[in-house]
Amino acid sequence: MSMRKVLYGPEGIRLSHIMKLYDKQSLLNYAGDLQIRRVSGLKKDELAEKIANELLAPSVMKRRIATFSPEERTLFERAIECPFVPTEDELDNAYALREKDYAFMNKKDELNVPVDVAEAYKKLNTPEFRQYTKKMSWLAQCLYFGENFYGVFDKDVLLEMYNARKGYHISYEELEHMCNEFPKDLTESHLEEGQRFIVAEYLAYDDRYKELLDVQAGKDFYIPTAEEVLDYNKNLYLSMEPAYQKLKEFFQKEIGLSYRDADDEAAEVWAKIQYDVDFQDMFQYFLDLYGEELTERRLDRLVNLLQNANNHTRLQIHRGHTPNEIMQSDIRRGHFAKPPVIVPGSTNAANMLKDVSAELAAMGVQVDFAGNADIVSDGKTQKKVYPNDPCPCGSGKKYKKCCGRT
């Protein structure tokens, strides 16, 4: 979106003023999402007005605002009463509201709502509407969980997930109706009628979901508790998982991070595991950041905690199950997983790992001291050089970025 100035009307900022911040191609795409026809010949401002009118239509506004999270809804209603500056804890939800165009941030960094949106919402906000939003908001949170923990899932799984929350029980027919009413541009899932699977958007291209189904084959779906769905939607990782609680405690007490920074690092671990970052790369990440604080005892503890987090992270490839749960299942079936292996990225890391190699072996973690190193000769002596070591040629670059590139 362009950052040009919002045009003020005499009665205040209206939704059409927000729409005019978009370029024409974005507006055309927006019109397509809203299924507005015959717009290609309109001028940009005419198109912005048409989209604003559509977004203000009671039937459209009802379905779109109903997908707000409870936190977003609370901020939205506060902003209608009086614009305010969101706290640091409220910023993520404030930005999410802004992306949905029914609210905006003004020049004072206050969350605000266009005057016509506020007026339309007050008419819409009946007891029946609040009951409807309760159901649709929970559906949105279940869909988001399913996209990230399954990738591909059918409506039977979605129904079981939805009904796991006390007071939210619905029938399969009601779920079908809600899915058909859900604004398709506000979810990454395909909700097309007649489709057996609800598929995360990015997996639909080039039939990538078929590869995921091959990896997931034979695994049952993990059905989360309502608390897990709420936790993930709020924090973007399962922050209440004991393995991550212990990791955050380590960062606070042993490294000296604030609660927020410790939570950010725990979320970083979750993301790295989700994206299948090698264990040694994840270990090296923290070694580079906090090497000075990592005594031998702390290093031992960190490796233990990272391995524990890895074993207790719910993964899409396992349909929401953790590696530990899959390993227990494999043991029952007579299959056994390979032990994790750490490959040092630098001489410093190798020396630190040597000090705790016995403890790591006791935990089932192997260290490959040679797999990531080259033997370099200066004509007289030979030395082992790791990718992140300074290059022996004296360039000042890391070995992997210099002579080690080949």
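**Reading Contacts in a Predicted Protein Model**

Guide: Let us begin with two residues: aspartate 263 and lysine 248 are both buried. Please keep in mind that the model before you is predicted.

Visitor: How should I read the word "buried"?

Guide: A residue is called buried when its relative accessible area is under 20% and exposed when that area is over 50%; partly exposed residues fall in between. In this structure, 45% of the 406 residues of the protein count as buried.

Visitor: What joins the side chains of aspartate 263 and lysine 248?

Guide: The general idea comes before the case. Side chains of opposite charge can pair when their charged atoms come close. Here the side chains of aspartate 263 and lysine 248 meet in a salt bridge, with 3.5 Å from N to O. Aspartate 263 belongs to helix H15 and lysine 248 to helix H14 (residues 242–253), so this pair ties together parts that are 15 residues apart in sequence.

Visitor: How many salt bridges does the structure hold?

Guide: The structure holds 19 salt bridges. One of them joins arginine 64 to aspartate 185, where the closest N and O atoms are 2.9 Å apart. This pair links distant parts of the chain, 121 residues apart: arginine 64 is in helix H4 (residues 58–65), while aspartate 185 is in the loop between helix H10 (172–181) and strand E4 (197–199).

Visitor: Is arginine 64 buried or exposed?

Guide: Arginine 64 has a relative accessible area of 6%, so it is buried. Its partner, aspartate 185, reaches 29% and therefore counts as partly exposed.

Visitor: Which side chain meets glutamate 88 in a salt bridge?

Guide: The side chain of arginine 260 does, with 3.4 Å from N to O. Glutamate 88 lies in the loop between H5 and helix H6 (91–99), whereas arginine 260 lies in helix H15, so the pair ties together parts that are 172 residues apart in sequence. Glutamate 88 is exposed because its relative accessibility is 54%, and arginine 260, at 34%, is partly exposed.

Visitor: Into what do salt bridges that share partners join Glu88, Asp89 and Arg260?

Guide: To return to the salt bridge of aspartate 263 and lysine 248, recall that both of these residues are buried. Glu88, Asp89 and Arg260, for their part, are joined into one network by salt bridges that share partners.

Visitor: By what is a pair of aromatic rings described?

Guide: Such a pair is described by the distance of the ring centres and the angle of the planes. In this structure the count comes to 24 aromatic pairs. One of them is formed by phenylalanine 76 and tyrosine 121; the centres are 5.0 Å apart, the planes stand at 85 degrees, and the pair is edge-to-face. Phenylalanine 76 is part of helix H5 (residues 70–81) and tyrosine 121 of helix H7 (residues 115–124), so the pair ties together parts that are 45 residues apart in sequence. Phenylalanine 76 is buried because its relative accessibility is 0%, and tyrosine 121, with 3%, is buried as well.

Visitor: What kind of aromatic pair do tyrosine 232 and tryptophan 270 form?

Guide: Tyrosine 232 and tryptophan 270 form a tilted pair, with 6.5 Å from centre to centre and 45 degrees between the planes. Tyrosine 232 lies in helix H13 (residues 226–235) and tryptophan 270 in helix H15 (residues 259–274), so parts that are 38 residues apart in sequence are tied together. Both tyrosine 232 and tryptophan 270 are buried. Among the members of one aromatic cluster are Tyr144, Phe149, Phe221, Tyr232 and Trp270.

Visitor: Which residues form a positive surface patch?

Guide: Lys397, Lys398, Lys400, Lys401 and Arg405 form this patch. Lysine 401 is in the segment after strand E8 (382–385). Lysine 401 is exposed because its relative accessible area is 53%.

Visitor: How far is alanine 120 from proline 58 in sequence and in space?

Guide: Alanine 120 and proline 58 are 62 residues apart in sequence, and their C-alpha atoms are 7.5 Å apart in space. Alanine 120 has its place in helix H7. With a relative accessible area of 18%, alanine 120 is under the 20% cut-off and therefore buried. By contrast, threonine 74 and methionine 61 are 13 residues apart along the chain, and 17 Å separates their C-alpha atoms.

Visitor: What does the secondary structure of the protein come to?

Guide: The secondary structure comes to 20 helices and eight strands. The C-alpha trace of the protein spans about 80 × 55 × 40 Å along its principal axes.

Key:
Residues are numbered from 1 along each chain as its sequence is written. This is a predicted model: local features need pLDDT of at least 70, side-chain atom pairs count only at pLDDT 80 or more; totals for chains, interfaces and linings use all residues. Side-chain values use heavy atoms; hydrogens and water are left out. Patches are made of residues with over 30% relative accessible area and no salt bridge: like charges are joined within 9 Å, nonpolar side chains (Val, Leu, Ile, Met, Phe, Trp, Tyr) within 5 Å. Accessible areas come from the Shrake-Rupley method with a 1.4 Å probe; for residues, only the protein chains shown count as cover. A salt bridge is a side-chain nitrogen of Lys or Arg within 4 Å of a carboxyl oxygen of Asp or Glu. Lys and Arg count as positive and Asp and Glu as negative; His and the chain ends are not counted. The place of a charge is taken as NZ of Lys, CZ of Arg, CG of Asp or CD of Glu. Helices (H or I, at least four residues) and strands (E, at least two) are DSSP runs, numbered from the N terminus. Buried means under 20% relative accessible area, exposed over 50%, partly exposed in between (1.4 Å probe, protein chains only). Rings of Phe, Tyr and Trp (its six-membered ring) pair if their centres lie within 6.5 Å; planes under 30 degrees apart count as stacked, over 60 as edge-to-face and the rest as tilted.
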